[in-house]
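These are my notebook entries on a single protein chain. I record what I looked up and in which order.

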Amino acid sequence: MLEPFLPKPVVVSKADGTLGFDYNRLMSVGRVRAFYGNFGMFTRALAYIMANGPDGLRQTTEDAVLNANYIRKGLEGAYDLPYSTPSMHEVVFSDKLQAKKGVRTGDIAKRLIDYGFHPYTVSFPLSVPGALMIEPTESEPREELDLLIEALRSIAEEVEEDPQTVLQAPHCTRVSRLDEVAAARKPVLRWKPNPS
């Protein structure tokens, strides 16, 4: 009963057996996105589903949930856990304990770069002040999870012993702290040579 409201265009079979687009849909909610939508995303999702099959999808899902709960257990006590319910495919901590020393989630993320990790999602979800959202994929091996847990526990210890180490991170990159407010308000989206 909701089919007439689908975004347009929709793919239809023509009388000659070929496929085409139907734009003439009077009850449609209209376009959701310009051109033909997120075709590349749909293709990747379909390829992943077909490559794994029903049993593989179940296994990868269970592995992602297991990995998130493994990290949750490994970091218990080092970071504030705002929710007591078991995690699904991601675990969310907050910077509540570290904020007592003036260290926020963005500082912890920048310090994680020094340990060789791409930082977690910072300040999201918005329902958790100072959120640290860690979303391990199903393909992360236990050894990698252990290294991440060890790095985050070390950072929590650094916050207690010498917060400046974390507040001034990253230390191993060519550029340290960027002006994030200026970058958001006046983004430079491509490189231009200096006029000489």
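Which residues is Ser 87 in contact with, leaving aside its neighbours within four places in sequence? I looked this up at the outset, bearing in mind that the model is predicted. I found Val 65, Ala 68, Asn 69 and Arg 72 in contact with Ser 87.

**Entry on Ser 87**

I placed Ser 87 in the loop that runs between helix H1 (39-75) and strand S3 (91-94). I then examined its side chain and noted a polar contact of 3.1 Å with the side chain of Arg 72. Arg 72 is also on the list of residues in contact with Ser 87. Is Ser 87 buried or exposed? I read a relative accessible area of 8% for Ser 87, and the residue counts as buried because this value is under the 20% cut-off.

**Entry on Pro 163**

I turned next to Pro 163, which I located in helix H5 (residues 163-167). Its relative accessible area is 19%. Since buried means under 20%, I entered Pro 163 as buried. Which residues does Pro 163 touch, not counting those up to four places away in sequence? I listed Lys 101, Val 103 and Glu 158. I also checked Asp 107, which is 56 residues from Pro 163 in sequence. The C-alpha atoms of Pro 163 and Asp 107 are 9.7 Å apart in space.

**Entry on the fold**

I counted six helices and five strands in the protein chain. Read from the N terminus, I wrote their order as β-β-α-β-α-α-β-β-α-α-α. I also looked up the contacts with a separation of 6 or more, and noted that 50% of them join residues 24 or more positions apart.

**Entry on overall dimensions**

What radius of gyration does the protein chain have? I noted 23 Å, whereas a compact globule of 196 residues would have a value near 16 Å. For the C-alpha trace, I recorded spans of about 75 × 60 × 30 Å along the principal axes.

**Entry on burial, surface and charge**

I found that buried residues make up 29% of the 196 residues in the protein chain. I entered about 13900 Å² for the accessible surface, with 59% of it belonging to carbon and sulfur atoms. For the charges, I counted 23 positive and 26 negative, and I noted that their mean positions lie 10 Å apart.

Terms used
Residues are numbered from 1 along each chain as its sequence is written. This is a predicted model: local features need pLDDT of at least 70, side-chain atom pairs count only at pLDDT 80 or more; totals for chains, interfaces and linings use all residues. Side-chain values use heavy atoms; hydrogens and water are left out. Helices (H or I, at least four residues) and strands (E, at least two) are DSSP runs, numbered from the N terminus. The radius of gyration is taken over C-alpha atoms; the globule rule is 2.2 Å times the number of residues to the power 0.38. Buried means under 20% relative accessible area, exposed over 50%, partly exposed in between (1.4 Å probe, protein chains only). Contact means heavy atoms within 4.5 Å. Accessible areas come from the Shrake-Rupley method with a 1.4 Å probe; for residues, only the protein chains shown count as cover. Lys and Arg count as positive and Asp and Glu as negative; His and the chain ends are not counted. The place of a charge is taken as NZ of Lys, CZ of Arg, CG of Asp or CD of Glu. A polar contact is a pair of N or O atoms within 3.5 Å; within protein, one must be able to donate a hydrogen and the other to accept it, and residues adjacent in sequence count only if both atoms are side-chain atoms.
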